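User: I am in my first year and would like a close look at one part of this protein, namely its charged pairs and their surroundings. Please take me through it in a connected way.

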Amino acid sequence: AGIVGLKQVGGLGVFLMGEVLVRLRRVLHWGPLIALTIITIVTISGSYSAIQLWSRPKHRVTFFRWPNFIVMYTWLFLILKNFYQALHGPGSTPDGWKPANPEDCQFLQYCKICEGYKAPRSHHCHQCERCSMKMDHHCPWINNCVGHENHASFLRFTFYVPLGCLHGAILNANFLYRVITNEFMYYRPYFQINMGWIIMAMMGIAVAMGAAIGVFILFATQVYSICKNETQIEDWIISKARQRRKRARSQGVQLEPFVYPYNLGPWENFKQVINFSGRARGNGVEWPVKEGCNPYSFSIEQLEQKKEKREHVVEAEVVRPYNGAWCPCSHGVCVALCGSPVDRRVPILTGDSFDISKYDEYWVYGDVLLSEAEKKSRHLVSTRGWVPRHCIKEKRSERRGEGCGDVSDVAASVSAKTTAQEGKKTKGKKTKAKEE
């Protein structure tokens, strides 16, 4: 029994050490490092200002001595605690996951990378390389996704950061005011005041106010999303669902009205994320839905949107290679500076087939058509991403008529056709007017 107990303790220790190492690797990234640098600057400058305030005569600052330190380091503890918890991530469906009932697979999307079905409200994150449960967005400041398991800790983190930064800014502003009014000439401060600390206090105010305003806006948007029970990705899907029905009505087709199934009312929605237990409700796979909706209503809408998207995919061929760099200066200044900062880039070689699904001014988004062997030989995790627009040439296709040439000609050809049709209409009107 003793040996078994030691093995269990040892296994628990290895597990905890593994968790710490995983989160440490998450921290060693530009986003978390910048966040921790901001916290450090505000803490050091605020502590120095608080200590100098302490050196003032006791009868003038008795009430503000201990509370300043207690409150400031309470903010710091809460910020770091929730930051560490948010690093844990939203949780993910295991590779090869599928619903218990095989018949339900037809209502779910299949992830080729994870080689399993996506649970309701789950989405594949190309940065994390996994299907995250109830994925809201990928946050660079924690180098992880925000979703089911860490949504509450991320919300608390965005709540405490503005408060802590505002407190630090007030302390630094108080110190600078005492310096400007030469108040420290009448008593001896604990530490010598020099230009370095004055610059540190000024930098602390600038950094604290910038972080407080930016993070508070993020906090407000998160609260609004939680009260609607909509993630950022789901909000985008809902807008596409409405556009799809509006477009269908303009074509004389009546689709079934779309009802978002997860909105149970602000209070119930809020309790799914924030509660006294501190843990997210549910298992991240099964979700309560509105009356009249089934658990796969939203997934079915996603499948319909994907189907419609595939019907409008433009087949193209790669005419110039691209290595997937984030700032491809060899492809021109505009391409290097105007790339999408959100989605990943994908390397391509001359002769590859490419399916275009999105257009930007200098970039296109789509999927490189590669076999599994080619994908492994190129060491690609995903074949989907952005590539420079001039690297792609549209293929000739009967389905799309005579569309051939650079993808930049696609919009021009559509515009030309529209202009020609308007010209014919104008000529017809003039002919009728002459006949009359």
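With which residue does K228 form a salt bridge, and how far apart are the closest N and O atoms?

Analyst: In this predicted model, the partner of K228 is D235, and the closest N and O atoms of the pair lie 4.0 Å apart. Side chains of opposite charge can pair when their charged atoms come close. K228 is partly exposed, with 22% relative accessible area, and D235 is also partly exposed, at 39%.

This pair belongs to a wider set, since a search of the whole structure finds nine salt bridges. Another of them joins R245 to E301, with 3.1 Å between the closest N and O atoms. These partners come from distant parts of the chain: R245 sits in helix α7 and E301 in helix α9, 56 residues apart. Both R245 and E301 are buried.

A further salt bridge is formed by R378 and D352, whose closest N and O atoms are 2.8 Å apart. Here too the pair links distant parts of the chain, 26 residues apart: R378 lies in the loop between α11 (372-377) and β10 (384-388), whereas D352 lies in the loop between α10 (333-337) and β8 (353-359). R378 is partly exposed, with a relative accessible area of 25%. D352, by contrast, has a value of 9% and is therefore buried. Some salt bridges share partners, and in this way R244, R245, R247, E301 and E308 are joined into one network.

The setting of that network can be described through two helices. The axes of α7 (residues 232-250) and α9 (residues 297-311) come within 11 Å and cross at roughly 65°. The crossing of α7 and α9 is left-handed. On the side of α7, the contact is made by E234, I237, I238, K240, A241, R244, R245 and R247; on the side of α9, by F298, E301, Q302, E304, Q305 and E308. Sorted by character, the residues of this contact comprise eight charged, four nonpolar and two polar.

A useful contrast is offered by the cysteines. A disulfide is a covalent bond between the sulfur atoms of two cysteines. The search of the whole structure finds zero disulfides. For C114, the closest cysteine sulfur is that of C131, at 3.7 Å, and the two are not bonded because this is too far for a bond. C114 counts as buried, at 8% relative accessibility, and C293 is buried as well, at 18%.

Another part of the chain shows a buried aromatic residue. F175 is placed in helix α5 (residues 151-180) and is buried, with a relative accessible area of 2%. Beyond its neighbours within four places in sequence, F175 is in contact with Y48, S49, Q52, F184, I193, W197, I198 and A201. One of these partners, Y48, is 127 residues from F175 in sequence, yet their C-alpha atoms are 8.9 Å apart in space.

Finally, these details may be placed within the whole. The protein has twelve helices and twelve strands, and 40% of its 436 residues are buried. Of the contacts with a separation of 6 or more, 66% are between residues 24 or more positions apart. The pair R245 and E301, 56 residues apart, was one link between distant parts of the chain.

Definitions and conventions. Residues are numbered from 1 along each chain as its sequence is written. This is a predicted model: local features need pLDDT of at least 70, side-chain atom pairs count only at pLDDT 80 or more; totals for chains, interfaces and linings use all residues. Side-chain values use heavy atoms; hydrogens and water are left out. A disulfide is a pair of cysteine sulfur atoms within 2.5 Å. Buried means under 20% relative accessible area, exposed over 50%, partly exposed in between (1.4 Å probe, protein chains only). Axes are lines fitted to C-alpha atoms, for helices over the stretch in contact, and angles run from 0 to 180 degrees between N-to-C directions. Helices (H or I, at least four residues) and strands (E, at least two) are DSSP runs, numbered from the N terminus. A crossing is left-handed if the near helix is turned anticlockwise from the far one by less than a right angle, and right-handed if clockwise. Contact means heavy atoms within 4.5 Å. Ala, Val, Leu, Ile, Met, Phe, Trp, Tyr, Cys and Pro count as nonpolar, Asp, Glu, Lys and Arg as charged, and the others, Gly among them, as polar. A salt bridge is a side-chain nitrogen of Lys or Arg within 4 Å of a carboxyl oxygen of Asp or Glu.
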